[in-house]
Structures are given as structure tokens and as C-alpha cells.
Protein chains: 2
Amino acid sequence: MNQNAHSFLSADTVDEASRTFKALADPTRIKILYLLSQEECSVNHITEVLEMTQSAVSHQLSMLRNLRLVKYRREGNTFYYSYADEHVITILNQVLTHIECK
Amino acid sequence: MNQNAHSFLSADTVDEASRTFKALADPTRIKILYLLSQEECSVNHITEVLEMTQSAVSHQLSMLRNLRLVKYRREGNTFYYSYADEHVITILNQVLTHIECK
DNA sequence: TAAGTATATGAACATATGCTCATATAAAAT
DNA sequence: ATTTTATATGAGCATATGTTCATATACTTA
């Protein structure tokens with residue numbers, strides 16, 4: 001068995017996969033993305049549904065924004081968020097479905 | 001828009017999903033699981049391929065064992081590891097494939 | 001039986017993560 | 001113009017994470 005006996009992943013690929021899974025690795029972000037997979041939501045709505053502080057939610061949305069997993073539109077003072085990465089939502093739903101079917 | 005306008009996830013489901021994604025969120029564990037998705041490997045082999053210390057690899061294998069994502073068999077002094085959770089491997093390969101196709 | 005080989009494990013340490021608290025920003029309402 | 005409402009953001013803090021270093025364990029070989 002030598003080091004060339006199998007295919008390799010580039011460091012970039014591994015890093016990006018890691019970033020994707022990290023985004024989904026936190027319960028709060030899972031809940032936010034699951035919510036957004038069902039409907040566009042204001043920050044306030046997310047805050048109420050998750051029963052968390054506005055700041056905590058906003059920080060997580062900021063992270064999800066940086067990862068380009070969510071996008072938003074503004075309407076006056078209200079920001080409506082929605083998901084921006086179909087593939088990540090698919091992966092999330094796959095895992096959730098698999099867990100709930102056990 | 002009220003709190004009952006959409007379906008909810010149980011805390012247990014969210015936690016288990018989080019644990020699954022956390023397992024895949026680290027580059028070292030991604031590399032190990034990817035290797036094991038292709039062939040059963042000894043700890044030594046993993047250590048050499050990943051160019052990491054034996055201790056670091058062993059610690060990660062210990063974590064993957066606790067999460068029931070890998071199993072092993074012993075042959076004298078050598079421990080051969082293989083993956084134990086088909087679904088997690090499927091998810092990993094899906095994400096890796098998606099990244100590499102971009 | 002002693003030395004060597006393969007792996008596991010505990011402690012320590014540096015970095016990352018997720019929250020809170022205080023405050024900033026910007027539009028809306030008064 | 002001032003206050004209110006909705007959201008963003010920086011600093012600080014406690015906990016989690018991943019690695020190294022030292023050492024333990026267990027089997028093999030001389």
C-alpha cells in the first residue's frame with residue numbers, strides 16, 4: 001500500500017468542504033437555515049421563533065452572509081432574509097430527514 | 001406570520017444533525033474519512049498519507065470511533081480502520097463532488 | 001525475558017467559536 | 001427634530017477544539 005494507491009483531494013477542496021460543514025455544525029445556524037428553507041424571514045421573526053437575543057441571531061446571520069449561504073432584502077427598517085445556497089439546503093434537509101427516519 | 005406557521009425540529013434532531021456536521025467540519029477528519037471511503041487503512045498508513053503525527057491521527061480516530069463513524073479490526077499490532085456510517089460517507093462525497101464540479 | 005513496534009491516551013496549550021453587553025446606524029413615526 | 005423601531009457590530013468572556021508532548025498499553029520479535 002503506497003501513497004499513490006488512491007485519489008487525492010486538493011487542500012482547497014478539503015478546506016471548502018470543511019467550511020461548508022462548519023456552517024452547518026452549529027444548532028443555531030441549523031435552525032436558522034431550516035427556517036429560511038421554509039420561508040423568507042425577518043430578523044425579528046427569527047429571533048422570536050428561536051427565542052434568542054437579537055444580537056446572537058444577527059451575529060449568526062452575519063456569518064451566514066459572509067459564507068454566502070443567505071441573502072436579504074430591505075423593506076424600510078425590516079430586513080428579510082432568505083437562503084442563497086440551494087445545495088447547502090439540500091444537504092441539510094437530507095441529514096435532517098435521515099435523522100428523523102431512524 | 002406567527003410561530004406556528006411552519007414545521008419545527010425537535011432539539012434532539014437539531015443536536016444530532018449538529019454532531020454529524022461537526023464530525024465533518026474538520027479538514028483532518030474529512031481526509032481520514034475520505035481515505036477510509038476508498039480503502040481500509042492502518043493508523044500508520046493514515047499517518048503517512050496525511051503527513052501528521054501518530055498522536056494527532058489517533059486522537060481524531062478516537063473521536064470518530066466515539067461518533068460511531070469508523071470501526072476497526074486488529075491484526076497483531078496493527079489496527080485496520082474502516083468507515084462505519086454509510087450515510088455520512090454519502091454526504092461527504094456529495095459535498096466533495098459538488099465542490100470539485102464548480 | 002528484554003527490546004521493538006503499533007497504537008492509545010492524558011495533560012497542557014493555543015486558537016476558534018458563540019454568546020452577552022453596550023453601542024452604532026438608519027429608516028419610520030411622532 | 002426627536003423618539004422609536006429594526007438591525008448591525010465591536011469588545012469581552014467562557015467554552016470547545018485540535019494539536020503536541022510525554023507516557024501507557026499490548027502485541028511481536030530477538
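User: What makes up the surface near DNA strand C, by class?
Analyst: That surface has five nonpolar, 15 polar and five charged residues. The bins are simple: Ala, Val, Leu, Ile, Met, Phe, Trp, Tyr, Cys and Pro are nonpolar, Asp, Glu, Lys and Arg are charged, and the others, Gly among them, are polar. "Near" means that a heavy atom of the residue lies within 4 Å of the strand. Mind that this is a predicted model: local features need pLDDT of at least 70, side-chain atom pairs count only at pLDDT 80 or more, and totals for chains, interfaces and linings use all residues, while side-chain values use heavy atoms, without hydrogens and water. Residues are numbered from 1 along each chain as its sequence is written, with chains lettered from A and ligands numbered from 1 in the order written.

User: Why does A:Thr53 count as a polar contact of DNA strand C?
Analyst: A polar contact is a pair of N or O atoms within 3.5 Å; within protein, one must be able to donate a hydrogen and the other to accept it, and residues adjacent in sequence count only if both atoms are side-chain atoms. A side-chain N or O atom of A:Thr53 sits 2.9 Å from a phosphate oxygen of the strand, so the pair passes the cut-off. Polar backbone atoms do the job at B:Phe79, 3.1 Å from a phosphate oxygen, and at B:Val43, 3.4 Å from one.

User: Why is B:Leu50 called buried or exposed?
Analyst: Buried means under 20% relative accessible area, exposed over 50%, partly exposed in between (1.4 Å probe, protein chains only). B:Leu50 has 13% relative accessibility, so it counts as buried. Leaving aside neighbours within four places in sequence, B:Leu50 is in contact (heavy atoms within 4.5 Å) with B:Thr28, B:Lys31, B:Ile32 and B:Leu35. B:Leu35 is 15 residues away in sequence, with 9.5 Å from C-alpha to C-alpha.

User: What do chain A and chain B bury between them?
Analyst: About 3900 Å², 69% of it on carbon and sulfur atoms. Buried area is the accessible area (1.4 Å probe) lost by two parts on being put together, summed over both, so that figure covers both chains. The contact takes 41 residues from chain A and 40 residues from chain B.

User: How many salt bridges does the rule find across that interface?
Analyst: Zero. A hit would need a side-chain nitrogen of Lys or Arg within 4 Å of a carboxyl oxygen of Asp or Glu. The rule does find five residue pairs in polar contact across the interface, with both residues at pLDDT 80 or more.
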